[in-house]
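User: I am new to this structure. Could you show me how to read its features, one at a time?

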Amino acid sequence: MFKLSSLTMKSHETIWQPVIVHGSMRAEKERLGFRTKVPRSVNMEKLPNGYLFPEISKLELQHTEKYPDAKLISLGIGDTTEPLPEIITSSMANYAHALSTVDGYTGYGPEQGNKALREAIAKVFYKDLPVIDTEVFVSDGAQCDITRLQLLLGSNVTIAVQDPSFPAYIDSSVIIGQAGEIKDEAGRYRSIEYMNCSPHNNFFPNLSTTSRADIIFFCSPNNPTGHAATRKQLEQLVEFARQNGSIIIYDSAYSSYIRDDSPRSIYEIPGAREVAIEISSFSKFAGFTGIRLGWTVVPEELLYSNGFPVIRDFNRIVCTCFNGASNIAQAGGLACLSPEGIQAVHSMVDYYMENAKILVETFASLGYQVYGGANAPYVWVHFPGSSSWDVFTEILEKTHILTVPGSGFGPAGEGCLRISAFGHRECIREASRRLRTLFQ
C-alpha cells in the first residue's frame with residue numbers, strides 16, 4: 001500500500017509522493033477518501049502555493065483574528081474604496097430596472113461588447129489614434145483578458161516579463177505551459193525572460209542584453225513600481241519588438257493616472273499597431289473592481305508569421321470562451337465615458353493621487369528612497385538590506401497596516417514594499433501618522 005510523504009521544493013510547494021509501506025490497503029483508501037484516476041496538471045504543480053493577493057488577504061484575516069480590537073488599514077491589495085459617482089450607478093440601476101419590462105429586457109449581447117461602448121472607448125481613449133470600434137473587445141476585466149490571450153497564444157511561445165511585474169503574467173504562463181521548470185531559489189522559471197526594471201535603469205530593461213521572446217508583457221504605468229514609461233522608452237520597446245518579430249501585450253490599466261507627458265497608449269508609438277495588443281480596465285480609474293469591466297484592442301495590422309490576422313483568432317477565442325460582459329456593467333461603462341461621467345471619474349483619480357502624494361511625502365521624510373506615486377496610485381519604497389517579507393511583517397505587527405512585499409512581484413522586488421494609495425483620506429492620514437511613529 002501507500003502512504004503520503006512530502007518533499008519541499010525550492011518554490012516552497014509541497015509535492016506529495018507515494019511510498020510503499022506495509023498495512024491494509026483498504027484502511028489507507030478510507031483515510032484518503034475516493035480518488036479519481038485523473039492526474040493533476042504538471043503545470044499546476046509548478047505554481048507557488050497560492051496567488052499573491054489571496055495570500056495577502058489570508059494574512060489580513062489572520063491578523064484581524066489575532067488583534068480583534070485593532071483598526072487595520074489596508075494599503076495592500078489595490079482595491080478602490082470611494083463610492084461610485086451617481087451618474088454611473090443610476091445608469092446601471094435604470095438598466096437593471098428596465099430588465100423587468102417587456103421593452104427593456106435584453107438577453108445575450110454581442111460577445112465583443114455593446115457597439116456603443118466599443119465606439120465610446122475608441123473615441124475617448126484613442127481619439128487621436130487610428131483605433132476603431134471593431135478592434136475593441138469589451139470584457140469582464142483586464143486580468144480575465146490576460147488568460148484569454150494566453151489561450152490564444154498557446155504553450156509553444158516564449159515570453160518576457162518586467163521584473164518586478166503583476167504576477168498574473170507569470171502565473172498564467174505557468175498554467176498554460178510556457179514557463180518551464182523553476183531554475184533558481186528566487187523562483188524564476190527557466191523559459192521566461194525576466195527583464196530587470198529597477199531604479200538603476202530607470203525602471204526600463206536593457207534591451208541590448210534581453211533575449212528574444214515571442215511575447216513581451218509590459219505594463220505602464222507599472223504595477224507595482226508606479227513607473228510610467230517615457231515616449232523614448234516605448235519607442236525602444238516597439239523597435240525591439242519589430243526587429244525580433246515579437247508581440248507586445250501592453251497593460252495600460254493605470255493610464256488615467258498619468259500626470260506628465262508619458263504615453264497613455266502603446267499606439268501613440270509609430271509602428272506599434274503591427275506589434276502590440278493593448279489591454280485595459282475600468283477597475284482602477286472608475287472604481288469598477290467589483291463590477292468587472294475592461295477591454296482589449298487588437299489592431300487589424302497585427303499578423304502572425306504566416307500572415308493570418310491575430311484579431312480573427314482572438315475573436316474566435318472570445319466567441320468560444322465568453323458570452324460577453326454584463327449588460328448592466330456595460331451601461332455603467334458607457335455612463336463613465338459621457339462628458340459628465342468623465343469629469344466624475346477624473347475627480348476620483350485626483351482623490352487617489354492626493355493619497356499617493358501623502359504617502360510619498362511620508363516615506364521620503366523618513367529618509368527612504370521612494371518611487372512611483374506621481375503617475376500611478378502605487379508607491380514603491382526601498383528598505384535597503386531588509387527582506388520584503390520581514391518589513392511587511394514588522395509594519396503589520398507594529399502599526400496594523402497591510403502592504404504588499406515587493407518580492408511577491410518578482411525577484412527584483414526584494415527589499416521593497418508596494419503601498420497602495422487606494423483608501424479613505426482619513427485612513428491614509430492615520431497610516432502616515434503610524435508609519436512616522438514607527439520609523440522615526
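Analyst: We will go through the sheet, the core, a helix and a helix pair. Keep in mind that this is a predicted model.

User: Let us start with the sheet. In what order do the seven strands of the open sheet come?

Analyst: Read a sheet from one edge to the other. Here the order is S4-S10-S9-S8-S7-S5-S6. The pairing is mixed.

User: Which strands stand at the edges?

Analyst: S4 and strand S6 (192–196) do. Each has a single partner strand, so one side of each lacks a neighbour in the sheet. From one strand to the next, the twist averages 20°.

User: What packs on the sheet?

Analyst: Helix H10 (residues 310–321) does. H10 touches S4, strand S8 (247–251), strand S9 (276–281) and strand S10 (294–297). The direction of H10 makes about 20° with that of S4.

User: How do strand S5 and strand S7 run, and how many bridges join them?

Analyst: S5 (residues 159–163) and S7 (residues 215–219) run parallel, joined by three bridges. Look for facing residues: Ala-160 is opposite Ile-216 in S7.

User: Now the core. Which residues have the most contacts inside the largest nonpolar core?

Analyst: The general idea comes first. In soluble globular proteins, nonpolar side chains tend to be buried together. In this model, the largest nonpolar core has 120 residues. Ile-121, Ile-248, Ile-266 and Phe-282 have the most contacts inside it. H12 gives the most to this core, with eight residues.

User: What does Ile-248 touch?

Analyst: Leave out residues up to four places away in sequence. Ile-248 then touches Ile-216, Phe-218, Leu-237, Val-238, Ala-241, Val-275, Ala-276 and Ile-277.

User: Next, a single helix. Why is helix H11 described as largely enclosed?

Analyst: Count its buried residues, those under 20% relative accessible area. Seven of the ten residues of H11 (residues 327–336) are buried, so the rest of the structure largely encloses this helix. Among them are Ala-329, Gln-330 and Cys-336. The buried residues of H11 pack against helix H4 (86–98), helix H5 (115–125), strand S4 (136–139), helix H9 (283–286) and helix H12 (339–365).

User: Which residue caps the N-terminal end of H11?

Analyst: Ser-326 does. A side-chain oxygen of Ser-326 lies 3.1 Å from the backbone nitrogen of Ile-328.

User: Last, the helix pair. At what angle do H3 and H13 pack?

Analyst: Helix H3 (residues 52–66) and helix H13 (residues 388–399) pack at about 35°. Their axes are 11 Å apart. The crossing is right-handed.

User: Which residues meet there?

Analyst: An α-helix has 3.6 residues a turn, so residues three or four places apart point the same way. From H3 come Ile-56, Leu-59, His-63 and Lys-66. They meet Trp-389, Phe-392, Leu-396 and Glu-397 in H13.

Notes
Residues numbered from 1 in each chain as written. Predicted model: local features only at pLDDT ≥ 70, side-chain atom pairs only at ≥ 80, totals over all residues. Heavy atoms only, no water. Buried < 20%, exposed > 50% of the residue type's maximum accessible area, 1.4 Å probe, protein only. Helix = DSSP H or I, 4+ residues; strand = E, 2+ residues; numbered from the N terminus. Contact = heavy atoms within 4.5 Å. Polar contact = N/O pair within 3.5 Å; in protein donor to acceptor, adjacent residues only side chain to side chain. Pairing = 2+ DSSP bridges. Axes fitted to C-alpha atoms, helices over the stretch in contact; angles between N-to-C directions. Core = buried A, V, L, I, M, F, W, Y, C linked by side-chain atoms within 4.5 Å. Left-handed = near helix turned anticlockwise from the far one by under 90°.
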